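Reader: I'd like a close look at a single part of this one: the spot where the record's annotations sit. Could you walk me through it, and then say how it fits into the rest of the fold?

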Amino acid sequence: MSLQASTEMLQAAREGKYAVAAFNVHTLEMLQAVAEAAAETQSPLIIQSTVGTVNHLGPDYIAAAAAVAAKRTGTPVALHLDHCTDYDLIVRCIRAGYTSVMIDASMYPFEENVARTAQVMAAAAAAGVNVEAELGKVGGVEDDIVVDERDALLADPDECAAFMARTGVHTLAPAIGTAHGIYKGTPNIDFARIARIADLVSAPLVLHGGSGIPADQVRQAVSLGMAKMNIATELRIAFSDAIKQVFGRLPDENDPRKYMVPAKEAVKRLAMEKMELCGCVGKAANIVNR
Ligand SMILES: [Zn+2]
């Protein structure tokens, strides 16, 4: 199969009350690992890259590798640009073959977020590309936020509904209390808020900061309407730890395959666990047959 927009697989997930796991990859081995996990579990897959990784590898290299992954897995695969604030880079990625993009204008006032998202929607429409936008602020783990301030940072359900009506964006990432990175304690997810947003917004919702959220909390968020779960930090840790283990045993190792193969296997195992947790195992046929 060719790379496809993530819209259809995410709508099927929202309807079926499961989520598609979306993995941030930084190397060819990480990309191959999540693709093999999708093929072996017959899961739909979203391969993601951050702006940093796009600048590091080049959007054309990433898109070419993801296209091969889509062909090899035979399952629905989308290539997504994570958290981008730069319109020109979004257009470059779409031209390179990305089938899904996130315009993150959440740091701007509501009206400007609407305007910037609408601009990307126009650019994406011609290419049939999925667009994700964000409302509210997803925290970083270093943020030490007091409760009053926290409420102001989370997405307002009525604003979410207004935002959808104004932009027609395909997928929405509302800030609901998750954070990027690894949590020091238990994440403080506002489940009532997810439910209120899901009541007003029929589009698939996106859970950012998926690394390290306890399994029961992931299942609850997914059951309420979160149809895409982003996993970045945990994957990087699995990859890097496996390499560190090899060098711990063999400090003089100089054959990249000797440490990249275990790193790839570690990422693949973790990706399969996350697919299981999201409930998307075996759901590839759902999209193909829709
Ligand atoms: Zn994010």
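**A close look at the annotated spot**

Author: Let's start with D104, which lies in the loop between β4 (100–103) and α6 (110–127). Keep in mind that this is a predicted model. UniProt, in an unreviewed entry, puts the feature "binding site" at D104 and E134. Those two span 31 residues in sequence, yet no two of their C-alpha atoms are more than 5.7 Å apart, so they gather at one spot.

Is D104 buried or exposed? It is buried, with 21 other C-beta atoms within 10 Å; the cut-off for that is 20 or more. Once you set aside neighbours within four places in sequence, D104 is in contact with H83, C84, T85 and E134. So the contact list ties D104 to the other annotated binding-site position, E134.

E134 itself has its place in strand β5 (residues 130–135). E134 is buried too, with 24 other C-beta atoms within 10 Å. Not counting residues up to four places away in sequence, E134 touches D104, S106 and A173.

There's another annotation to look at. The same kind of UniProt record, again an unreviewed entry, places the feature "active site" at D82. D82 lies in strand β3 (residues 77–84), and that strand's range also takes in H83 and C84, which are contacts of D104. With 22 C-beta neighbours inside 10 Å, D82 counts as buried. Leaving aside neighbours within four places in sequence, D82 is in contact with N24, Q48, S49, T50 and M102. M102 falls within β4 (100–103), the strand that comes before the D104 loop.

V101 is also in that strand, and it brings us to the core. Of the 90 residues in the largest nonpolar core, V34 and V101 touch the most other members. The largest share of this core, nine residues, comes from α12. As a rule, nonpolar side chains in soluble globular proteins tend to be buried together. What does V101 touch, not counting residues up to four places away in sequence? The list is H80, L81, C84, I90, C93, I94, V120, A124, V129 and V131. Among them, H80, L81 and C84 fall in β3 (77–84), while V120 and A124 fall in α6 (110–127). V131, also on the list, belongs to the β5 range that holds E134.

Since α12 came up, have a look at α10 (residues 215–224), whose buried residues are V218, A221, V222 and L224. They cover an arc of only 160° around the axis, which puts them on the same side of α10. On the other side of α10, A215 and D216 are exposed. The buried residues of α10 pack against α9 (191–200), β9 (205–207), β10 (226–231) and α12 (256–278). Just after α10, G225 takes a positive phi of about 135°.

Now zoom out. The protein's secondary structure comes to 13 helices and 10 strands. Of its 290 residues, 48% count as buried. Among contacts with a separation of 6 or more, 72% are between residues 24 or more positions apart; D104 and E134 are one such pair in contact. The C-alpha atoms fill a box of roughly 55 × 45 × 35 Å along the principal axes. A compact globule with 290 residues would have a radius of gyration near 19 Å, and the 18 Å of this protein agrees with that.

Definitions and conventions:
Residues numbered from 1 in each chain as written. Predicted model: local features only at pLDDT ≥ 70, side-chain atom pairs only at ≥ 80, totals over all residues. Helix = DSSP H or I, 4+ residues; strand = E, 2+ residues; numbered from the N terminus. Rg over C-alpha atoms; globule rule 2.2 N^0.38 Å. Buried ≥ 20, exposed ≤ 12 C-beta atoms within 10 Å, placed from the backbone. Contact = placed C-beta atoms within 7 Å. Arc of directions from axis to C-beta. Core = buried A, V, L, I, M, F, W, Y, C linked by C-beta atoms within 7 Å. UniProt positions renumbered as here; feature names shortened; annotations may be inferred.
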